[in-house]
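Welcome! Here are some short exercises with worked solutions for you to try. Please open the structure and keep it beside you.

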Amino acid sequence: MKTTEAQPIIDRKKKVFESIFEMLPSEDNPSPLVRINRMNDSSGFPLFAKLEWMNPFGSVKDRAAWEMLRELEEKGEISSERGLVEPTSGNTGFSLAMMARTRGYSMRAVVPNKIPLEKKILLKIAGAELDVINDELCPVPGLGDGSINLAKTRAKAERHRYVLPNQYENENNVAAHLKTTGPEIWRQTDGRVTHVFLSLGTCGTVSGVSRYLREKNPDIKIIAVQPTEGHDVPGLRNISQLPATKLFDPSLIDEILEIDFEVAYTRALELCQKEGLSAGPSCGLIFEGARRIVEADKEGLGVMIFPDSIFKYTANMAKHLPFLSENTTPPQ
Ligand SMILES: Cc1ncc(COP(=O)(O)O)c(C=O)c1O
């Protein structure tokens, strides 16, 4: 620890930190669980949202990014001369870029052109260089010119300049949730959780959380909620795209609900206006899946992993809910 004048006041219990890295989530410093009130009137089946946007870089991806980066540091594979290259639909790239730049490494993000403009700008604000590629919204492995292959090609051809964490294949992405998200949920619910609701991108979250919680209680139901085909919910995959992700293991999932992607936007709006939760579109989709299971199962204790907040999606929200961008100021 550095000797500075501020040192005597550093105290994690009082939330006075030495650096932003101490704020990363762990069993002792979990992301919050907040109960759903107006949007769930079932007293037999309370629902709690796990607010991943409260992580220091704003999404569930802080967990995987940190675990992947830490391993590269431990193995001496990253330095001020050799930075990161990573395919990303935004959140992983932002977390990685913020962490990497703070530690003195460069970061190149390979992103599909369809991701929201806000995310591209945020990546640049974080200090990443961008390759914008004509690709599906969530990068698709195996496509010749796709983001994943371009990142792999760069990492191979320019080995001295780049190392590729590759969240789609990296077991540290799963390990992050096995070590943090799963234990946090178990502890925060005193082991009473019966259902976990989440969505699938790389499948790191589902694989790690499911492995941990099923070990504790094999009856816990792991329910994934996915958007219908042709969707534009960043970070998520439709069911047909899932086998392309190496971390996808269907045996770890009890049920996959497919829900009309338009609902993601209306439910996100409701979560903001009725619960005070600044939930992004993937949270809206997850909530809709949970709501349907509450109606069917009637009893339980559900935890929904809410990946990120609404702030990056204002343009997407206005596209789906045009009244949001109408000028409501009355003429003078
Ligand atoms: C907004 C959003 N929701 C959900 C997910 C899914 O998480 P995972 O990649 O762990 O499956 C992601 C991942 O990129 C995401 O960005």
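**Exercise 1. Find the contacts of Ile-286, leaving aside its neighbours within four places in sequence.**

Step 1. Two residues are in contact if their C-beta atoms, placed from the backbone, lie within 7 Å.

Step 2. With those neighbours left out, Ile-286 is in contact with Phe-197, Leu-198, Ser-199, Val-225, Met-304 and Phe-306.

Before going on, two notes on the model. Residues are numbered from 1 along each chain as its sequence is written. The model is predicted, so local features need pLDDT of at least 70 and side-chain atom pairs count only at pLDDT 80 or more, while totals for chains, interfaces and linings use all residues.

**Exercise 2. Place Ile-286 in the largest nonpolar core.**

Step 1. A residue is buried if 20 or more other C-beta atoms lie within 10 Å of its own, exposed if 12 or fewer, and partly exposed in between, with C-beta atoms placed from the backbone.

Step 2. A nonpolar core is a set of buried Ala, Val, Leu, Ile, Met, Phe, Trp, Tyr and Cys residues joined through C-beta atoms within 7 Å.

Step 3. The largest such core has 86 residues, of which Ala-97, Val-196, Ile-286 and Met-304 touch the most other members. Helix α8 (residues 281-297) gives the most to this core, with seven residues. Both domain 1 (7-55 + 180-320) and domain 2 (61-163) contribute at least three residues each.

Step 4. As background, nonpolar side chains tend to be buried together in soluble globular proteins.

**Exercise 3. Compare the span of α8 with its expected span, then decide whether α8 is enclosed or open.**

Step 1. Helices (H or I, at least four residues) and strands (E, at least two) are DSSP runs, numbered from the N terminus. The expected span of a helix is 1.5 Å times one less than its number of residues.

Step 2. The 17 residues of α8 should span 24 Å, and the end C-alpha atoms are 25 Å apart, which agrees.

Step 3. Because 12 of the 17 residues of α8 are buried, this helix is largely enclosed by the rest of the structure. Among the buried ones are Pro-281, Cys-283, Leu-285, Phe-287 and Val-294.

Step 4. Just after α8 comes Lys-298, with a positive phi near 70°.

**Exercise 4. Do the same for α2.**

Step 1. α2 has 12 residues and reaches 17 Å from its first C-alpha to its last, close to the 16 Å expected.

Step 2. This helix is mostly covered, with 10 of its 12 residues buried. They include Asn-91, Phe-94, Ala-97 and Ala-100.

Step 3. The cover over the buried residues of α2 includes α1, β3 (83-87), β4 (107-112) and α3 (117-125).

Step 4. Gly-104 follows α2 and has a positive phi, near 90°.

**Exercise 5. What surrounds the ligand, and why does the ligand lie between the two domains?**

Step 1. The shell has 19 residues, and the closest are Gly-201, Thr-202, Thr-205, Gly-235 and Pro-307. A residue counts as near a molecule if its C-beta atom, placed from the backbone, lies within 6 Å of it.

Step 2. α2 (91-102) and α6 (204-216) each supply at least two residues of this shell.

Step 3. By type, the shell divides into six nonpolar, 11 polar and two charged residues. Here Ala, Val, Leu, Ile, Met, Phe, Trp, Tyr, Cys and Pro count as nonpolar, Asp, Glu, Lys and Arg as charged, and the others, Gly among them, as polar.

Step 4. The ligand lies between domain 1 and domain 2 because both give residues to the shell. The domain bounds come from an automatic or database domain assignment.

**Exercise 6. Describe how domain 1 and domain 2 meet.**

Step 1. The C-alpha centres of domain 1 and domain 2 lie 24 Å apart. Their contact takes 19 residues from domain 1 and 18 residues from domain 2.

Step 2. On the domain 1 side, α5 (171-188) and α9 (314-320) each supply at least two residues. That side divides into seven nonpolar, eight polar and four charged residues.

**Exercise 7. Is Lys-15 buried or exposed?**

Step 1. Lys-15 is found in the segment before β1 (33-35).

Step 2. Lys-15 is exposed, with 9 other C-beta atoms within 10 Å. Although not a glycine, Lys-15 has a positive phi of about 60°.
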